[in-house]
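Hello,

Here is the structure I promised to pass on to you. Have a look at it first, and then read on for my notes on what turned up.

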Amino acid sequence: MIHDIHRLDAEVRLRPVTPADAASLADSLTRSRAYMQPWEPVRPDSFYTEQGQRERLAGLLADRDAGRCMAWVLADEADRAIGGFNLNGIALGPFRSGTLGYWTDVEYAGRGLATAAVRRICEVARDGLRLHRVEAGTVVDNAASQRVLAKCGFEQFGMAPRYLHINGEWRDHRLFQRILHDGPPMG
């Protein structure tokens, strides 16, 4: 099911994002700002506020409602968002693909939560959305994210020079994909 809640460990669940997540996302992103700086675009201070997250979520949820993306959060025992996972740019027809992006709160990094979440999202992409493939890109030196993708069956298929403006400069990225099935386009 696309909107299921999935327990990743004793404390953390993967669930669909809601507008009520704005405050806890702002807290988690603020706490993790320095940790994620090498892998993220430079963002205005307003991005790290509850209002900034409300605005971001409104756009994300509008894209979800239009069928262009799916978005989840990692939620702790108190149901506070401690990470975000998006399947963006969903294309149907003969392409049937989406692009994965994700982050985990600095206090929860290294626990295997991103790996468990990416595996679940790939299941949803295959069985719920009927996608053929999922793509992801990482800054060349983001070894932790590349390990997550490798554990989840992604293979590198290319390099993209000066692909995204990350941490104040255009950065080269490694491109990864996971083929979910080889059958004809479904649905």
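Let me start with helix H5, which covers residues 143–151. Its buried residues are Ser 145, Gln 146, Val 148 and Leu 149. These four sit on the same side of H5, because the arc they cover around the axis is only 155 degrees. On the face turned away from that buried side you will find the exposed residues Ala 150 and Lys 151. The buried residues of H5 are covered by, among others, strand S5, helix H4 (113–128), strand S6 (133–139) and strand S8 (169–179). After H5 comes Gly 153, which has a positive phi, near 90 degrees. Please keep in mind throughout that this is a predicted model.

Next, the nonpolar cores. The largest one has 31 residues, and those touching the most other members are Leu 74, Phe 85, Leu 87, Leu 100, Val 118 and Phe 154. Strand S3 (70–75), S4, S5, H4, S6 and H5 each give two or more residues to this core. Which element gives the most? That is H4, with 8 residues. If you would like one residue to explore on screen, try Leu 87: leaving aside neighbours within four places in sequence, its contacts include Cys 69, Trp 72, Leu 100, Ile 121 and Val 134. Another core lies apart from the largest one; it has 15 residues, among them Ala 22, Leu 25, Leu 29 and Leu 61.

Now to the aromatic rings. How many aromatic pairs does a search of the whole structure find? The count is 2. In one of them, Phe 47 and Tyr 48 meet edge-to-face, with 5.1 Å from centre to centre and 80 degrees between the planes. Phe 47 counts as buried because its relative accessibility is 14%, and Tyr 48, at 15%, counts as buried too. The pair of Phe 85 and Tyr 102 is stacked, because the planes are at 10 degrees, with the ring centres 5.7 Å apart. This pair links distant parts of the chain: Phe 85 belongs to strand S4 (residues 81–91) and Tyr 102 to strand S5 (residues 97–104), 17 residues apart. Phe 85 and Tyr 102 are both buried.

Two arginines are worth a look alongside these rings. Arg 43 lies over the face of Phe 47, 4.3 Å from the ring centre. Over the ring of Phe 157 sits the charged end of Arg 133, at 5.6 Å from the centre.

Finally, the cysteines. The number of disulfides comes to 0. Why is Cys 69 not bonded to another cysteine? The closest cysteine sulfur, in Cys 122, is 16 Å from the sulfur of Cys 69, so the two are too far apart for a bond. Cys 69 counts as buried, with 2% relative accessibility. Cys 122 is in no disulfide either; the nearest cysteine sulfur to it belongs to Cys 152, 6.3 Å away. With a relative accessibility of 1%, Cys 122 counts as buried.

That is what I have for you. Enjoy looking around, and do write back with any questions.

Best wishes

Definitions and conventions. Residues are numbered from 1 along each chain as its sequence is written. This is a predicted model: local features need pLDDT of at least 70, side-chain atom pairs count only at pLDDT 80 or more; totals for chains, interfaces and linings use all residues. Side-chain values use heavy atoms; hydrogens and water are left out. Rings of Phe, Tyr and Trp (its six-membered ring) pair if their centres lie within 6.5 Å; planes under 30 degrees apart count as stacked, over 60 as edge-to-face and the rest as tilted. Buried means under 20% relative accessible area, exposed over 50%, partly exposed in between (1.4 Å probe, protein chains only). A charge sits over a ring if NZ of Lys or CZ of Arg is within 6 Å of the ring centre and within 35 degrees of the ring normal. A disulfide is a pair of cysteine sulfur atoms within 2.5 Å. The arc is that of the directions from the helix axis to the C-beta atoms. Contact means heavy atoms within 4.5 Å. A nonpolar core is a set of buried Ala, Val, Leu, Ile, Met, Phe, Trp, Tyr and Cys residues joined through side-chain atoms within 4.5 Å.
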